[in-house]
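The report below concerns one protein chain, whose sequence and coordinates are shown first.

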Amino acid sequence: MDRREFVSGLTLATAAAGLMPTGAAAEGRRVALVIGNGAYRNVPTLLNPPNDAGDIAAALKRLGFSVRLVTNASFDEMRRGLIALGRDAAGADMATVYFAGHGMEINGENWLIPIDAELKRDTDAANEAISLQSVMLQVSNTTSLGLVILDACRNNPFAARMNRTLATRGTPTSGLGRIEPVGNVLVAYAARDGTTALDGDTRNSPFAAALLRNIETPGVEVTFMFRNVRDEVMEATRNEQQPFV
């Protein structure tokens, strides 16, 4: 994370200090949508996303969030979940989306992939996947902080078999692309732009495991929490995977 990214995140985190205390008695209304997609219908199954989502949802509930948990979500289920979250986020103190599953960048835009996607062509993403921009919009209408957490950079079989119809810059790439902060929204990635994240061979992915160890630590600002997560993931993966905010 460079200095500009860190200062930008720190400004948001300072405004949001105290939004992640232990226990449900915290002040302010917090809402969250947690999605874990593993049972993909047209590519091999991912084992950990439903586990990751369930465990993160439980942690957020302990932190006082009103949580909607969706596992193995279709396009329509993801769309409806995001619409509902956007309505709940209006006037809330904090709104969070956590997504574990497949994601990809196409033509400079990041997409989160539902379990029923086919994605035979790169142009199909607009009709079969959920754009990161739309997710950010749904968490932006809060009084303090919108937070999007993406454990969605896994090595993606959709990209390998997808027919390319766009110009050269439209070729699907590894992982997700960098996105600039918008307003009060902070985006945390499991792996740096253009790289992939590991699903892991235990119950949780390396990123989710580190997040679970840190998210309920009282008195830690959001950006500092993710810095601790980054350090733990890098150690666990021998610097193969580097989260960033």
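What follows treats the overall make-up, the nonpolar core, one pair of helices and a few loop residues.

This is a predicted model in which local features need pLDDT of at least 70 and side-chain atom pairs count only at pLDDT 80 or more, whereas totals for chains, interfaces and linings use all residues. Residues are numbered from 1 along each chain as its sequence is written, and side-chain values use heavy atoms, with hydrogens and water left out.

**Overall make-up**

The protein chain holds eight helices and eight strands, these being DSSP runs (H or I of at least four residues for helices, E of at least two for strands) numbered from the N terminus. Of its 245 residues, 53% count as buried, where buried means under 20% relative accessible area, exposed means over 50% and partly exposed lies in between, with a 1.4 Å probe and protein chains only. The accessible surface comes to about 10400 Å², and 48% of that area belongs to carbon and sulfur atoms; the areas come from the Shrake-Rupley method with a 1.4 Å probe. Among contacts (heavy atoms within 4.5 Å) with a separation of 6 or more, 75% join residues 24 or more positions apart.

**The nonpolar core**

A nonpolar core is a set of buried Ala, Val, Leu, Ile, Met, Phe, Trp, Tyr and Cys residues joined through side-chain atoms within 4.5 Å. The largest one has 75 residues, of which Leu60, Val148, Leu150, Leu211 and Phe226 touch the most other members. Strand S3 gives the most to this core, with six residues. Leaving aside neighbours within four places in sequence, Leu211 is in contact with Ile56, Tyr98, Ile149, Met225, Phe226 and Val229.

**Helices H3 and H5**

In H5 (residues 132–139), the residues Leu132, Val135, Met136 and Val139 are buried. They lie on the same side of H5, because they cover an arc of only 100° around the axis, the arc being that of the directions from the helix axis to the C-beta atoms. An α-helix has 3.6 residues a turn, so residues three or four places apart point the same way. The cover over the buried residues of H5 includes H3 and the strands S3 (94–100), S5 (109–112), S6 (130–131), S7 (145–151) and S8 (185–189).

The axes of H3 and H5 come within 7 Å and cross at roughly 30°; axes are lines fitted to C-alpha atoms, for helices over the stretch in contact, with angles from 0 to 180 degrees between N-to-C directions. The two helices are therefore roughly parallel to each other, a label for angles under 35 degrees. Leu82, Ile83, Leu85, Gly86 and Ala89 in H3 meet Val135, Gln138 and Val139 in H5.

**Residues outside the helices and strands**

| Residue | Place | Relative accessibility |
|---|---|---|
| Asn72 | loop between S2 (65–71) and H3 (75–89) | 26%, partly exposed |
| Glu118 | loop between S5 and H4 (125–128) | 35%, partly exposed |
| Ile215 | loop between H7 (206–214) and H8 | 1%, buried |
| Asn239 | segment after H8 (222–236) | 58%, exposed |

Although it is not a glycine, Asn72 has a positive phi of about 50°, and Asn239, likewise a residue other than glycine, has a positive phi near 65°.

Not counting residues up to four places away in sequence, Glu118 touches Asn42, Glu128, Phe158 and Arg161. The C-alpha atoms of Glu118 and Tyr40 are separated by 9.5 Å, with their positions 78 residues apart along the chain. Ile215 and Ile56, which are 159 residues apart in sequence, are 8.9 Å apart in space, C-alpha to C-alpha.

Key: Angles under 35 degrees count as roughly parallel, over 145 as roughly antiparallel, 65 to 115 as roughly perpendicular and the rest as oblique.
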